[in-house]
Structure formats: structure tokens, C-alpha cells
Amino acid sequence: MKHTRINRMLAALLVMVMVVALLPVSVLAEGKTYVLDVSKDMTAFPPGTYSNGASDKFGTDGYFILHYGEKMKLDTSNKTFSDGVTATHRINFQSKTDTSDWSYSLEFTCASAATVKIWWVAGHDARRMTIFDSQANIVAADGEDAVRNSLYISTFEVGQAGTYYLGSLEGSNYIFRVEV
């Protein structure tokens, strides 16, 4: 009888450990800042390296999921933003975000409301940096007055827990750093 009780307790403990291991990192560490620094976290690659639908995790604890597109590249571009952040590489989607499969986007999941900060450069005049929800609705956008090749630091609020995608409806912009 004593062994049965111990075995049941160990089984219950094992189940709890397995459940915790399945939770997304963002659920376990609310209040933590997740950073994707393209210059430090990623390696340059030319267009055609990845096909639409391919993806990889980057940034703090693999928090960000980059959804590739066949035109996409990661190339060098030396920039210093107004807050002193410096960068040597950028994500260059070379296309607008495809909301049917999320190609040419950067995915992140929030456990609750969150602030999203993006260091980016406009690929052309009036190209907006956009955050979509998982249903392809626009949650936030900035850059209606953007000027081609100008540097921007945009801060957005997402009001609730959910999965979000960072990209553009109009065409490519260049992403250097993202914090959530």
C-alpha cells in the first residue's frame, strides 16, 4: 500500500512536469522582454535560400518565428538609430506579407497584452510596418508617412494574449530589431 501511494505521487509529479514543459515560454515568464537582434541572432543568406512555408526560430529563447519566402534575404546594412541602437544586418522580405501562409512575416505569441518595439527602415514611401492577428486583421500599423530608406522606431500595443505577425501589406520594409 505504501508503494502504491508513492507511485501515485510520483506519477502525479511527472504529469505536472510534462504539462509545464508543454507551456509556451511566454506563459512561464510574463513580464520578460524578448529580443530579436538581427545582427547578432541571424546569419546572412541570399534570395532563393528558403521556400515559402519554411520557418525558423530566433531571438531570446527562440521566441520569434521567421516565416521565409523565396524572395527573402538577410543582408548587410549598417545603421545607427536615434536611440543609439546600431545594426549591421537586416531582414529584407523583398515582398509584402502573404497572409494565406504567413510567408514574409515574423511571428510572436504573447501571454497577455504587450508592448512591441520595432527598429526598421521603410523600403519605399508610405510603406507601413504592420502587426496582424492570426485571422489576418490589422492590429497596429505605422508608416503612412514613411519616407524611403528612412529609419524608424515604432512602438505598438497589442491588447490581449494571442499570436501576432509582423510584416507589411504594401511591400518590403527592412527589420533590424524587435522587442516584445
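This passage looks at a sheet of strands and at one serine in a predicted model. Residues are numbered from 1 along each chain as its sequence is written. In this predicted model, local features need pLDDT of at least 70 and side-chain atom pairs count only at pLDDT 80 or more, while totals for chains, interfaces and linings use all residues; side-chain values use heavy atoms, without hydrogens and water.

Let us begin with the sheet. Strands of a sheet pair through backbone hydrogen bonds, either parallel or antiparallel. Here, 6 strands (DSSP runs of E, at least two residues, numbered from the N terminus) make up an open sheet, ordered E2-E3-E6-E11-E8-E9, with antiparallel pairing (two strands pair if DSSP finds at least two bridges between them). Strand E2 (55-58) and strand E9 (138-142) are at the edges with a single partner strand each, so one side of each has no neighbour in the sheet. Within the sheet, strand E3 (residues 64-67) is joined to the antiparallel strand E6 (residues 105-110) by 3 bridges, and histidine 67 stands opposite serine 105 in E6.

Serine 168 comes next, in the loop between strand E11 (162-167) and strand E12 (174-179). Serine 168 has a relative accessible area of 4% and is therefore buried (under 20% relative accessible area, with a 1.4 Å probe and protein chains only). A polar atom of the serine 168 side chain lies 3.1 Å from the backbone oxygen of arginine 128, and one lies 3.3 Å from the backbone nitrogen of glutamate 170. Beyond its neighbours within four places in sequence, serine 168 is in contact (heavy atoms within 4.5 Å) with Lys96, Thr97, Arg128, Thr130, Phe132 and Asn173.

Methods:
Helix = DSSP H or I, 4+ residues; strand = E, 2+ residues; numbered from the N terminus. Buried < 20%, exposed > 50% of the residue type's maximum accessible area, 1.4 Å probe, protein only. Polar contact = N/O pair within 3.5 Å; in protein donor to acceptor, adjacent residues only side chain to side chain.
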